[in-house]
Structure formats: C-alpha cells, structure tokens
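Welcome to this guided tour! Keep your viewer open, and at each stop select the residues named before reading on.

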Amino acid sequence: MKSFFYVIVTLVFSYVACNAQSNMQEAGTASLPYPPSDVIAELVIDTARISIGHGDNWAITWADDDLQYSFFTDGKGFGAHALDVSISPVSIEGDPPNISGKDIPSTSGTLEFLEGGEHSAKVCGLVMIDKVLYAWVRNINLPGTPKGTGSQLMVSKDYGKSWEYADWNWPTIGYPTWLNAGKNNAEAKDGYAYFVSPDGPSAYYDYPDMLMARVPKDRIVNKDSYEFFTGTDAKGNPTWGTYENRKAVFHNDEGSFRPDIVYNPGLDRYFLTVATPIGPWQWWAKENDARTPHFGMFESENPWGPWKTVYYEKDWGSPENRFSPHIPSKWISGEGTSFYLLYSCIPNGPYRFNIQKCTLVLKE
C-alpha cells in the first residue's frame, strides 16, 4: 500500500511541477545563444516522469549486450549500498515505462563517500567503444589545486566489474563527457572518439565556453593522441591542434554547466544539452556573475557545430533544481523524433534517475 501511495504522489507531483513544455519561451527568444533550428519546429516534453534508484549525474552509454551502463554519484544506487558512496557502476535494463536498475559489484569502480560535492571523485562521461567502457572521472583534486577540479580516464573491459586508471590526467579540464553514437558506438561516422567539456578546471562553475577534443578510438588511453578543436578553415572544415591553441566549440555567456552530447541517427544530427540549475549551490567552487539558470538543447550536422537552438528555457523545472541532462542513445526512436531526457535533481526534486519522454515536431 505504501509503494502504491508513493507512486500516486510521485505522478501527481510530477504533473503539477512539470508544465507541458514546447520549443523556446517566446519572451526569451531574442536572447538565444544560437539561432533557432532549421529542421526542428518544436520540442514537447511529456509531463509524466519515471524515477528510479538513488543518486545523481548518471553518465550513461548503450553497450553491445543491449544493456545501458551508468554511474550514479553520491547515493545508494539500487539497493546494494547501505550507505552513500561517491560513485559506483550500474546497469539499466528495459525500455520505458518498464525500466529497472541493478548495481554492479565493483571494488575498483566504487569509491568511498567522503564529504560529498567537490571533495569526492565522480564519473562525468561514459562511452562503450568496441566492447570497452571508458569513463571520465572528475574531482581528482591534484595536490595544490582547488577541490572539484581536474579529470582522469578509467577503463573497464569486463562490463563495469573492474576498472583501471590511466597514468595521466587533465588538471585544467573539469567535466569531460563523451559523445555517444548508438549501441557500442556503432553509429560513429569516423574512427574517432570525441568529448566536450566546459572550458575550465572546475566541475562546479558555469564557464561560458566549451571545448572539444578527439582521439583515434584505438588510442583512447594515450594522452598524446588527443587533438583539440581549433576552429574551422575557409571551407568550414574543422581544424585540430594542441590544447593551448583550442577554440570554443560552443559559447553561451549564461553558462555551459555539465553538458552532454549524443548522435541521433534518425535525424542525422548531433544534440548538445546543458542545464544550469536554479539558485546558488552552497558547495560551488565559484560563481559566474553572468550565470542565468536555464536548460538548452542544440543541434548540428557536425559534432563541432555550427549549433542551432532546439529548446531554451529559463528556470527549467522550477521549483525543482535540475541538472546533468542526457539523451540516452538506446531510447532514441528509429526516425529520431522521440527520445527520453534523463536528468538529476538536488536539493529540490527527486534525487533519482529521472526520465521524461520528448517528441520533436519537424518543420515542413
């Protein structure tokens, strides 16, 4: 009876809190960071919500075994942990509305919960390529650096049961997240793996610029093989070079907090999502004076842009505090016009794996 009551309350709260949403807010259209999409007329987000598990961030990828793999942060996952842990791997089974999660026993992939927030390492990006899982770990907190900064790579060749860290790191890249392209990354258009990150060392700051890097998919563990986006040439083709010569792949004065990027095969478009939460967070390492709480979804024919706006809303989900949006590859429909939006909430809203169905209306 208790669980039935909880489900009813959750659905009612979800319906009240999550207003029916379409494309861009009329009042905010003039301040869009990029022009409206040429191919998408409207994004509709269903009010119904599915919430499972316990934790936040939920970096996610679609594996060759048809399961989705993820990491939760600062939580208990799906019941295997009596107390909160900083990170631990999980698998996600099924398709909405019938989904469930399962904790993956992993000594090397589970990190102890310290003080939470920037004090503990967290996974921020995850991808499977050729049956190998690659995870970006943030908040590595190198000696002499502020808390909540830097990132490092770890790798699993046995579906998340055991993990090995690379012997190098990115001290000045705070939140790298992998581009996902279908099951086992099979929809990738070339032989590279790509990642984006807000251009700065902290995972807790709304940097206005976003960087991009790529690496041959068979050399992901080699730091020297990474190239950074340095702009486009006269023909619009991307150029690549050193970190020092990088240029922004995305810019928004209002911030680019905890982005994610995915390829939509049905529409042959790349989708970039960002969500800057409402209100100040007391554990933020810094504050951005130009920051404006918002959710943005952008699309492009290329992973590096140029970008067009699909959806842009100020104070998205208020009074809930939503962040870390993902579009799980497995739940993108064949024609590409429907998918599920995964996001986290804290301190207001369900501290869980939250998804809502999205539908795109195309321009004629």
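Let's begin with a pair of residues. Select valine 85 and glutamate 112: in β7, glutamate 112 is the bridge partner of valine 85. Keep in mind as you look around that this is a predicted model.

**Stop 1: strand β5 and its partners**

Now widen the selection to strand β5, residues 85-95. Is this strand mostly covered or mostly open? Mostly covered: 8 of its 11 residues are buried.

Add strand β7, which is residues 111-112. Two strands run antiparallel here, with 2 bridges joining β5 to β7.

Next, bring in β4, residues 68-77. It runs antiparallel to β5, and 7 bridges join the two. Click on glycine 75 to find one of these contacts: its bridge partner in β5 is valine 85, the residue you have already met as the partner of glutamate 112 in β7.

Then select strand β6, residues 98-103. How many bridges pair β5 with β6? There are 6, again in the antiparallel sense. These two strands make a hairpin, with 2 residues between them. To see a matched position, pick isoleucine 92, which stands opposite glycine 101 in β6.

While you have strands on screen, here is a general idea to try out: in a regular strand, side chains alternate between the two faces of the sheet.

**Stop 2: aromatic rings**

Show the side chains of Phe, Tyr and Trp. How many aromatic pairs does a search of the whole structure find? It finds 35. Zoom in on tryptophan 58 and phenylalanine 72, a tilted pair with 6.0 Å from centre to centre and 45 degrees between the planes. Tryptophan 58 belongs to strand β3 (residues 54-62) and phenylalanine 72 to strand β4, so this pair ties together parts that are 14 residues apart in sequence. Are these two residues buried or exposed? Tryptophan 58 counts as buried because its relative accessibility is 0%, and phenylalanine 72 is buried too, with a relative accessible area of 0%.

For a cluster, select Trp136, Trp168, Trp170, Trp178, Phe195, Tyr226, Phe228 and Tyr243, which ring pairs link together.

**Stop 3: charges over rings**

Select arginine 258 and tyrosine 204. The charged end of arginine 258 sits over the tyrosine 204 ring, 4.9 Å from its centre. Then move to arginine 322, which lies over the face of tryptophan 316 at 4.8 Å from the ring centre.

**Stop 4: an open sheet**

Colour β8, β9, β10 and β11. In that order, these 4 strands form an open sheet with antiparallel pairing. Which strands stand at the edges? They are β8 (122-129) and β11 (164-170); each has a single partner strand, so one side of each is left without a neighbour in the sheet. From one strand to the next, the twist averages 20 degrees.

Look closely at β10, residues 151-156, which pairs with β11 over 4 bridges. Serine 151 stands opposite tryptophan 170 in β11, and Trp170 is one of the residues in the ring cluster from Stop 2.

**Stop 5: a last hairpin**

Finally, select strand β15 (residues 227-232) and strand β16 (residues 238-241), an antiparallel pair with 3 bridges. Find threonine 232, whose bridge partner in β16 is proline 238. The hairpin has 5 residues between the strands, and in this hairpin glycine 236 takes a positive phi near 85 degrees.

How values were computed:
Residues are numbered from 1 along each chain as its sequence is written. This is a predicted model: local features need pLDDT of at least 70, side-chain atom pairs count only at pLDDT 80 or more; totals for chains, interfaces and linings use all residues. Side-chain values use heavy atoms; hydrogens and water are left out. Rings of Phe, Tyr and Trp (its six-membered ring) pair if their centres lie within 6.5 Å; planes under 30 degrees apart count as stacked, over 60 as edge-to-face and the rest as tilted. Buried means under 20% relative accessible area, exposed over 50%, partly exposed in between (1.4 Å probe, protein chains only). A charge sits over a ring if NZ of Lys or CZ of Arg is within 6 Å of the ring centre and within 35 degrees of the ring normal. Two strands pair if DSSP finds at least two bridges between them. Axes are lines fitted to C-alpha atoms, for helices over the stretch in contact, and angles run from 0 to 180 degrees between N-to-C directions.
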